[in-house]
Structures are given as C-alpha cells and as structure tokens.
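Take a look at the model below. The report that follows visits its core, two strands and a surface patch.

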Amino acid sequence: MMPLPQIAVAAMENWGLMTARTDIALFNPAVHGAQWELTSRIVIAHEVAHMWFGDLVTPRWWDHIPLKESTVSWFMAVGVDALYDDFNFKDEYFVLYEMMRGMDKDSSVNSREMTAG
C-alpha cells in the first residue's frame, strides 16, 4: 500500500497497488482515536476485497455494481473480523449499518431492477 498525502478519495485499489490517504494507510494510535482506527480498518479491507471483486471478477455490465459492492462489503467484514479479534465487526457494524443501509436504498422508488444481460 502506498500512502499519498493528497488523494481525492480515501483509498483506491489498482492492479497490484493500493493507494490510500496517509492518515488511513499510516494509522497512528497516538494521534488518531478508536473511531479512526475502525475507519482505517474498514477502508483498507474494502480496497483489498475490491482487488478481487472488481479488478479480477468484474460484472459484464456496470448495471450490476450493487452486486459487486455488496460482495465487497461482505468480504470487507469477513476480513476485518479475521484480522482483529477485538471487535465483532460482522455483527456490530455490517449487519447494523451496511445491511440496513442497503435495504433502505433497495426499498427506494429510485431503485432499479438488476437484469441479466
């Protein structure tokens, strides 16, 4: 992972290289609090998951981005839980935040049906 002091997004996965803002890539507990540590874990795990689901396994049509993003979000949660045993990420964050946010967006009148093809 390459820390970058000025980047428009929190992090980005590319073929063989991840970039992230310096404050995310080089988390320092003496400077940043527990919430920022969780944010750093989430962002890095999300980008690692994107190196597979998005770079290597990409939907044929971009209409299927929700499927790719939901898969990445799930493996992000699995990855954080596998690496850190101090927080039950899947139950305490993923289910309560990511799943509920997804269901809320899916119930919107602006949601589009995912179709094959």
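Which residues does F94 touch, not counting residues up to four places away in sequence? They are S73, W74, A77, F89 and M99. Contact here means heavy atoms within 4.5 Å.

This is a predicted model, so local features need pLDDT of at least 70, side-chain atom pairs count only at pLDDT 80 or more, and totals for chains, interfaces and linings use all residues. Residues are numbered from 1 along each chain as its sequence is written, and side-chain values use heavy atoms, without hydrogens and water.

**Core.** F94 is one of 9 residues in the largest nonpolar core. The others are L38, I42, A45, M76, A77, V80, F89 and Y93. Helices α2 (34-52), α3 (65-83) and α4 each supply at least two residues of this core. A nonpolar core is a set of buried Ala, Val, Leu, Ile, Met, Phe, Trp, Tyr and Cys residues joined through side-chain atoms within 4.5 Å.

**Three residues.** Buried means under 20% relative accessible area, exposed over 50%, and partly exposed in between (1.4 Å probe, protein chains only). Helices (H or I, at least four residues) and strands (E, at least two) are DSSP runs, numbered from the N terminus.

| Residue | Element | Relative accessible area |
|---|---|---|
| E13 | strand β2 (residues 11-14) | 10%, buried |
| T19 | strand β3 (residues 17-21) | 9%, buried |
| M103 | helix α4 (residues 89-106) | 47%, partly exposed |

Leaving aside neighbours within four places in sequence, E13 is in contact with M18, E47, H50, M51 and D55. With residues up to four places away likewise not counted, T19 touches M2, L4, I7, A11, M12 and N14.
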